[in-house]
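Me: I have a two-chain model open and want the reasoning behind its labels. Can we go through them one at a time?

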Amino acid sequence: MRDLWQGMIEAFWLIASFNADLYEIVLRSLQVTVTAVIIASAIALPLGAALAVNRFRYRRATISLLNALMGLPPVVVGLFVYILLSRSGPFGVLGLLFTPTAMIIAQIIIITPLIASIAHQAIRDLWASYHDLLISMNTTKWQRMRTLIWDARRSLITASLAGFGRAIGEVGAIMIVGGNIDHLTRVLTTAIALETGKGDFSLALGLGFILIALAIAVNMAIHAISRTERASTW
Amino acid sequence: MRYFSPLMGLIFSLAFSTASLADDIKVAVTTSFHNSGLSDILLPEIKKDLGLDVHLLVVGTGQALKLGRAGDVDAILVHSRNAEDTFVAEGYGTHRREIMYNDFVIIGPGSDPAGISTAEKANEALAKIADAEAIFVSRGDDSGTHRKETALWQTAGQNPEGFDVSWYREAGAGMGATLNTAVGMDAYVISDRASWLKFKNKGDSKILFSGDPVLFNQYAYLPISKEKHAHTKDELALQLEEWLVSKKAQDIIGSYTIGGETLFTPNANASGGT
């Protein structure tokens, strides 16, 4: 219990003293995860819409697979990306291993199935009520998908935020592909793992509280920007 | 589509805004070296003298050797003589250069249920732990410390493979995590002295045995061979090696203390490596 209290004090002082290292790793955490969420959403939201609108032979199997991939073990994804990006691997010449780019790639793989699954669920429900209207207006598939994505945008923000939540707290994959290098690939979660390894529980907890606060702040900011839960909008 | 190109620009700049202009080099080092805090002293000096940014990947010796074999780092700093010799013999490293040594200690609960503090030799201390079947936590991660521990058990006439899990527990983790486990279980554990002194969650545990010369632990620096991996920064790796064996670096290493205790003994041979 003493460590918990110490952790809160530690978190407070780290923030209050404008600790440069802290701001650096917080910004890197955000840089990596926000980039990953943007790219993953750009893949996953149209994918979710396409799965809702299109009827094809292996649709059910594809959806099941996508749902199953929500539980991808990050360590395995990390190892997979490591092997691909290693100098001995197929993409070794790019020299991307142990860079933030490698961490972004790993996070995209982890969160794309999650965002796509939730997006598909939301768009499918909307499609049920829009189906007759959009068919009777003789729209193309592309127009239907665009309409559905736009009208389901609030649910889709939740889908992307779920991806953000998983990515910002992820440690297994980015530890392997990023290497937790100081001033290069160290982020909040890998710093927490490092401090725990040093037995410095109060500092680790302090960083943990900052990570949680960061996740809350990002979620609130997104909701404020997109004006959800207001009287005039649904 | 109006927003497309600025958005992509943003994404690419976020994704690739990591290139640095200064010379940099990636070195895989062992947790024991990094946890000691010595790297925090050495890296700024290296930056000052050579203008070189050294990016440390802190891993176990097993993983460091693996990263070296794959060509993902430019040099490694490890402590496991047999594995290093194999590494050089296979052509992955150009040579090995001894830099310094530190020592291992046996840590246990203050009550010392196996009574190892009266042992004369390390193998005697370990035999006492095995006889008492006192709880012992092993790294179990194929690191240099783990290999050393296995070798020490063998000198005590024991084979860790046959130990019962009721008292011999493999954590499969780095030094810090293993120490956390050992302290939590009131168990015996072998650690390098530096990691233990820097460790902040000591509980009731303390150093119960140290000083036997078999516990000395030699660190060596191995640059990765350009013949195996053409992209390695061999010149920078050699510059770093020359710096590490220089009088200045060796003095810094020898004068580094925690709580008044010297951690590393520099022993680089100025004339070259093997």
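Reply: Start with strand pairing. Two strands pair if DSSP finds at least two bridges between them. Keep in mind that this is a predicted model.

Me: What makes strand 4 and strand 7 of chain B a pair?

Reply: The bridge count. Strand 7 (residues 188-192) of chain B shares four bridges with strand 4 of chain B. The cut-off is at least two bridges, so the two strands pair. The sense is antiparallel. For one example, B:F104 has B:D192 of strand 7 as its bridge partner.

Me: How do you know that strand 8 of chain B pairs with strand 4 of chain B?

Reply: By the bridge count again. Strand 8 (residues 205-209) of chain B has four bridges to strand 4, in the antiparallel sense. There, B:G108 faces B:K206.

Me: Why does strand 12 of chain B count as a partner of strand 4 of chain B?

Reply: Two bridges join strand 4 to strand 12 (residues 265-266), and the strands run antiparallel. At least two are needed, so the pairing holds. B:P266 is the bridge partner of B:M100 in strand 12 of chain B.

Me: Which residue stands opposite B:M100 in strand 9 of chain B?

Reply: B:Y219 does. Strand 9 (residues 216-223) of chain B pairs with strand 4 of chain B over six bridges, also antiparallel.

Me: Why is strand 4 of chain B called mostly covered?

Reply: Count its buried residues. A residue is buried if 20 or more other C-beta atoms lie within 10 Å of its own. In strand 4 (residues 97-109) of chain B, 10 of the 13 residues are buried, so "mostly covered" fits.

Me: What share of each chain is buried?

Reply: In chain B, 46% of the 274 residues count as buried. In chain A, 43% of the 234 residues do.

Me: Why are helix 6 and helix 7 of chain B called roughly perpendicular?

Reply: Look at the crossing angle. The axes of helix 6 (residues 122-132) and helix 7 (residues 144-155) of chain B cross at roughly 85° and come within 8 Å. Angles of 65 to 115 degrees count as roughly perpendicular. Therefore helix 6 of chain B is roughly perpendicular to helix 7 of chain B.

Me: Which residues make that helix contact?

Reply: Helix 6 of chain B gives B:A122, B:N123 and B:L126. Helix 7 of chain B gives B:L152, B:W153 and B:T155. By class, the contact of helix 6 with helix 7 of chain B has four nonpolar, two polar and no charged residues.

Me: How is chain B divided into domains?

Reply: Domain 1 of chain B covers 22-101 + 217-266, and domain 2 of chain B covers 104-215. Their centres, taken over C-alpha atoms, are 26 Å apart. Each side of the contact has a count: 17 residues from domain 1 of chain B and 17 residues from domain 2 of chain B.

Me: Which elements of domain 1 of chain B supply at least two residues to the side that touches domain 2 of chain B?

Reply: Helix 2 (31-35) and helix 4 (61-70) of chain B. Helix 2 of chain B gives the most, with three residues. By class, this side of domain 1 of chain B has three nonpolar, 13 polar and one charged residue.

Me: What secondary structure does each chain have?

Reply: Chain A has 10 helices and zero strands. Chain B has 11 helices and 12 strands.

Me: What are the spans of the chains along their principal axes?

Reply: The C-alpha trace of chain A spans about 65 × 55 × 30 Å. The C-alpha atoms of chain B fill a box of roughly 70 × 55 × 40 Å.

Me: How many residues bring chain A and chain B into contact?

Reply: 23 residues of chain A contact 25 residues of chain B. Contact here requires C-beta atoms within 7 Å. On the chain A side, helix 2 (20-53) and helix 5 (100-136) of chain A each give two or more residues. Helix 2 of chain A has the largest share, four residues. By class, the side of chain A that touches chain B has nine nonpolar, 10 polar and four charged residues.

Methods
Residues are numbered from 1 along each chain as its sequence is written. Chains are lettered from A and ligands numbered from 1 in the order in which they are written. This is a predicted model: local features need pLDDT of at least 70, side-chain atom pairs count only at pLDDT 80 or more; totals for chains, interfaces and linings use all residues. Two residues are in contact if their C-beta atoms, placed from the backbone, lie within 7 Å. Ala, Val, Leu, Ile, Met, Phe, Trp, Tyr, Cys and Pro count as nonpolar, Asp, Glu, Lys and Arg as charged, and the others, Gly among them, as polar. A residue is buried if 20 or more other C-beta atoms lie within 10 Å of its own, exposed if 12 or fewer, and partly exposed in between; C-beta atoms are placed from the backbone. Axes are lines fitted to C-alpha atoms, for helices over the stretch in contact, and angles run from 0 to 180 degrees between N-to-C directions. Angles under 35 degrees count as roughly parallel, over 145 as roughly antiparallel, 65 to 115 as roughly perpendicular and the rest as oblique. Domain bounds come from an automatic or database domain assignment.
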